[in-house]
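Reader: I would like to go through this model with you step by step, beginning at its surface and then turning to its interior. Please give the reasoning behind each answer.

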Amino acid sequence: MRTRKDTGIAVGGAPRVDLLPPEVRAERRTAALVRRAWAGVVVVAVVVGIGSGAAFLQRMQAEDVLMMAQAETQSLLMSQTKYADLKATQGQLDLVEAAQKVGGSTDIDWPAYLEKVQGTLPVGVTIVSVSLDQASPLVQYTQPTAPLQGSRVATLTFQATSPTLPSVPDWLNGLATLPGFADAQPGSVALEEGVYKADITMHITADAFSGRFDQTTGD
């Protein structure tokens with residue numbers, strides 16, 4: 001049995017004949033490529049335009065923020081200028097307060113302290129003279145050379161009178177209860193015109209400092 005070879009001819013189909021020359025078809029393909037190329041250019045231009053617009057808007061926003069910051073800075077500078085005198089006065093007050101703290105770092109409230117000293121003495125014993133020597137903020141106070149004597153910041157020497165023979169050890173025991181007491185040494189005891197006079201030398205530690213200049217102005 002023989003098989004028929006397919007010749008590619010469709011029987012009964014619509015007849016089609018391409019009579020265009022090859023040059024025309026080439027021009028059509030070229031035109032289509034040109035149109036697609038121009039379409040790509042338009043798309044790129046649109047994208048670039050959108051990017052440029054976004055960058056422009058971002059720049060405008062940045063400029064607005066910068067202008068607001070500059071205006072706020074100018075306002076702050078004007079406020080500083082307005083209160084410049086107040087700041088200068090406050091600076092002077094702070095300087096004075098600091099100087100008071102330094103100068104008063106070795107302050108002892110002597111009137112109050114002498115009242116406490118008088119309070120330790122027996123009834124009838126009266127302080128009649130006082131000699132003071134104390135530390136300075138700028139000069140270190142001379143310390144003892146004896147090994148058993150403690151450090152001190154002030155020396156108080158006073159003379160007291162008593163109608164009876166004074167018990168100096170009792171006096172020293174009373175002085176030992178005072179704040180800042182380091183040690184005390186008795187001096188001479190003399191009877192003059194029926195009154196006993198005794199000298200006492202007392203050394204004082206930093207615990208006697210008042211500290212009143214360490215407080216701030218607002219306290």
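Reader: Which residues form a nonpolar patch on the surface, and what is their accessible area together?

Author: The model is a predicted one, and the patch is read from it as it stands. One of its members, Val-41, belongs to helix H1, which covers residues 22-82. The patch is formed by Val-34, Trp-38 and Val-41, whose accessible area together is about 310 Å².

Reader: Is Val-41 buried, partly exposed or exposed?

Author: The class between buried and exposed runs from 20% to 50% relative accessible area. Because the relative accessible area of Val-41 is 47%, this residue of the patch counts as partly exposed.

Reader: In what order do the elements of the chain run from the N terminus on?

Author: The secondary structure to be placed in order consists of four helices and four strands. Read from the N terminus, these elements follow one another as α-α-α-β-β-α-β-β.

Reader: Turning to the interior, which elements give two or more residues to the largest nonpolar core?

Author: This core has 25 residues, and among those with the most contacts inside it are Tyr-113, Phe-158, Leu-175 and Met-202. The elements that contribute two or more residues to the core are helix H3 (110-120), strand E2, helix H4 (168-175) and strand E4 (195-204).

Reader: Which residues does Tyr-113 touch, if residues up to four places away in sequence are not counted?

Author: Tyr-113 is one of the residues with the most contacts inside the largest nonpolar core, and so are Met-202 and Ile-204. With residues up to four places away in sequence set aside, Tyr-113 touches Leu-178, Pro-179, Gly-180, Phe-181, Met-202, Ile-204 and Ala-208.

Reader: Is Thr-161 buried or exposed?

Author: Thr-161 is part of strand E2, residues 154-162. Beyond its neighbours within four places in sequence, its contacts include Gly-124, Val-128 and Tyr-196. Since a residue under 20% relative accessible area is classed as buried, and Thr-161 has a relative accessibility of 15%, Thr-161 counts as buried.

Reader: What is the phi of Glu-193, and where is this residue placed?

Author: Most residues other than glycine have a negative phi. Glu-193, however, has a positive value although it is not a glycine. At 84% relative accessibility Glu-193 counts as exposed, and its place is in the loop between strand E3 (181-192) and E4. The phi asked for is near 55°.

Key. Residues are numbered from 1 along each chain as its sequence is written. This is a predicted model: local features need pLDDT of at least 70, side-chain atom pairs count only at pLDDT 80 or more; totals for chains, interfaces and linings use all residues. Side-chain values use heavy atoms; hydrogens and water are left out. Patches are made of residues with over 30% relative accessible area and no salt bridge: like charges are joined within 9 Å, nonpolar side chains (Val, Leu, Ile, Met, Phe, Trp, Tyr) within 5 Å. Accessible areas come from the Shrake-Rupley method with a 1.4 Å probe; for residues, only the protein chains shown count as cover. A salt bridge is a side-chain nitrogen of Lys or Arg within 4 Å of a carboxyl oxygen of Asp or Glu. Buried means under 20% relative accessible area, exposed over 50%, partly exposed in between (1.4 Å probe, protein chains only). Contact means heavy atoms within 4.5 Å. A nonpolar core is a set of buried Ala, Val, Leu, Ile, Met, Phe, Trp, Tyr and Cys residues joined through side-chain atoms within 4.5 Å.
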